[in-house]
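Work through these exercises with the sequence and the model open beside you. Try each task before reading its solution.

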Amino acid sequence: MTVRRLVLVIGLVIACVAVAAFAASAATSHTGTKSAAMKGCGLGNGKKATGAPIKIDGLDMLIPGVDFTTVGKTAAAYFACVNDNGGINGRPIKYTLYTEALNPAQEAALARKMVQSDKAVGIVGNTSFAECGTNWKYYHSHGYVVIGAGVQAECYSTPSFAEVNSGPRYSNVGAVQALIAAGAKKVAIASPDTISAYADGGPALVAKAHNIPVKIFPTHLPVTDATSQLLQMYQFAGDGGGILIDFTPDTAPAFLKAAEAQGIVDKVLWGSSTPIANTLMASQFSPAFDGHLWIDNEFSNVDPKVGPDSALMFAILKKYAPSIAPQAFAQMGFLDAKFATNALLSIKGAITKTSYNIAVKGLKNQHTDMLCEPWYVGNLPYHIPNNANIIVDYKNKNVVVRNGCTKFEAVDPAITQTRLWEKQYNLNTK
């Protein structure tokens, strides 16, 4: 696997907020661990946990230019808040975060360290471009279900991972179905060539189900001539057609700038996976693209006013991880830790590797304002609990909601099966 594969795969990216606004909001609403918001941490009693520690580990990828440790660091901050609010019935969580550099041998060695040397009862907060594929069989053989944020196909097709995000394939599904609903009669899709087969397979099924011609443009990174490729995509889609770009903010701007330079911003419908759903991108391409974007967003907008969990995340970051800006990666880490804590608190009797992972499988109907549907795990062959997203657009240099929560069309066999399980086992009742 090359570093080139990295930037391709994830449908997630930093969604920044103004520091002054964040500070003002936090200062007026979140004054300490005994505040109303902080009571959402664990027992919420304001008492520091002092019992025997409960060992939880995590593993995030960290390479030059790609830092997924924000996920694990936010999970650590959440656990710190839990420990300051009664812990797990008086016991603190001891969370250790390891990093890997996209090296399969290192990934495998660290999995064995967490399981065999550390004897962690649970593994939480994993995010990587390759770790799911490397370690899923090992985790499964030892009875672990990792709560994390996924990228590869194995994160969503094996029993070893329960991810809080949708991943690139399904984020593209959400975007293409929004484009079709908006009137696109043809759709051109561009994803990095190393993940195109997986990431674009889902949206291609959606287009086929609607008898919409689709053409996929596997894109080699780094992009050296975005204008030429964009013009080819526009030639296929035509006026009023859809162009879907599946890139991180490292690559997407080249295509958006090319669209501006060629004068075609208002001639097509623009779709995207999650990564460009952030205020940093909006500040660069608003107002030119205002009203022209259908971006699939896997989480709620990053705003403390969305609901109690969103407000709690802002408060936790301010108190325990002030160097981390509120963003999508922080939402992932927050949810990873929240659901792991809920599993721990549900255990009756001794907390062990076995009892914890059984409790994880027992999670269902986990409500949060950060997700469209209640989250769950279940004792299933694979898990795709985040299968309904919102669609966002740019407006006045901000990210705004265009369409509310919408389920992915069940044209992908994995989504069809997921919906059957949800009904059969009552996994995500609102």
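**Exercise 1. Find the bridge partner of Ile56 in E4, then place E4 among its neighbouring strands.**

Solution. Step 1: the bridge partner of Ile56 in E4 is Gly122. Helices (H or I, at least four residues) and strands (E, at least two) are DSSP runs, numbered from the N terminus. This is a predicted model, where local features need pLDDT of at least 70, side-chain atom pairs count only at pLDDT 80 or more, and totals for chains, interfaces and linings use all residues. Residues are numbered from 1 along each chain as its sequence is written, and side-chain values use heavy atoms, with hydrogens and water left out.

Step 2: E1 and E4 pair in the parallel sense over 2 bridges. Two strands pair if DSSP finds at least two bridges between them.

Step 3: E4 also pairs with strand E5 (residues 146–148), in the parallel sense and over 2 bridges. Here Asn126 stands opposite Gly148 in E5.

Step 4: check the cover. In E4, 5 of its 5 residues are buried. Buried means under 20% relative accessible area, exposed over 50%, and partly exposed in between (1.4 Å probe, protein chains only).

**Exercise 2. Describe the length, cover and packing of helix H3.**

Solution. Step 1: H3 spans residues 69–83, which is 15 residues. From first C-alpha to last it reaches 21 Å, close to the 21 Å expected at 1.5 Å a residue. The expected span is 1.5 Å times one less than the number of residues.

Step 2: 12 of the 15 residues of H3 are buried, so the helix is mostly covered. Among them are Thr70, Ala77, Tyr78 and Phe79.

Step 3: the buried residues of H3 pack against strands E1 (54–63), E2 (66–67), E3 (93–100) and E4 (122–126). They also pack against helices H11 (308–320) and H12 (328–345).

**Exercise 3. Is Ala321 buried or exposed, and which residues does it contact?**

Solution. Step 1: Ala321 lies in the loop between H11 and H12. Step 2: Ala321 counts as buried because its relative accessibility is 9%.

Step 3: leave aside neighbours within four places in sequence. Ala321 is then in contact with Ala77 and Ile316. Contact means heavy atoms within 4.5 Å.

Step 4: compare sequence with space. Ala321 and Thr70 are 251 residues apart in sequence and 9.8 Å apart in space, C-alpha to C-alpha.

**Exercise 4. Why is strand E7 largely enclosed by the rest of the structure, and which strand pairs with it?**

Solution. Step 1: E7 covers residues 187–192, and 6 of its 6 residues are buried, so the rest of the structure largely encloses it. Step 2: E7 pairs with strand E8 (residues 214–219) in the parallel sense, over 6 bridges. Step 3: Pro192 stands opposite Thr219 in E8.

**Exercise 5. Is Ile415 buried or exposed, and which residues does it touch?**

Solution. Step 1: Ile415 is found in helix H14 (residues 413–424). Step 2: with a relative accessible area of 1%, Ile415 is buried.

Step 3: do not count residues up to four places away in sequence. Ile415 touches Tyr170, Ile384, Asn387, Phe408, Glu409 and Ala410.

Step 4: Ile415 and Pro249 are 166 residues apart in sequence and 28 Å apart in space, C-alpha to C-alpha.
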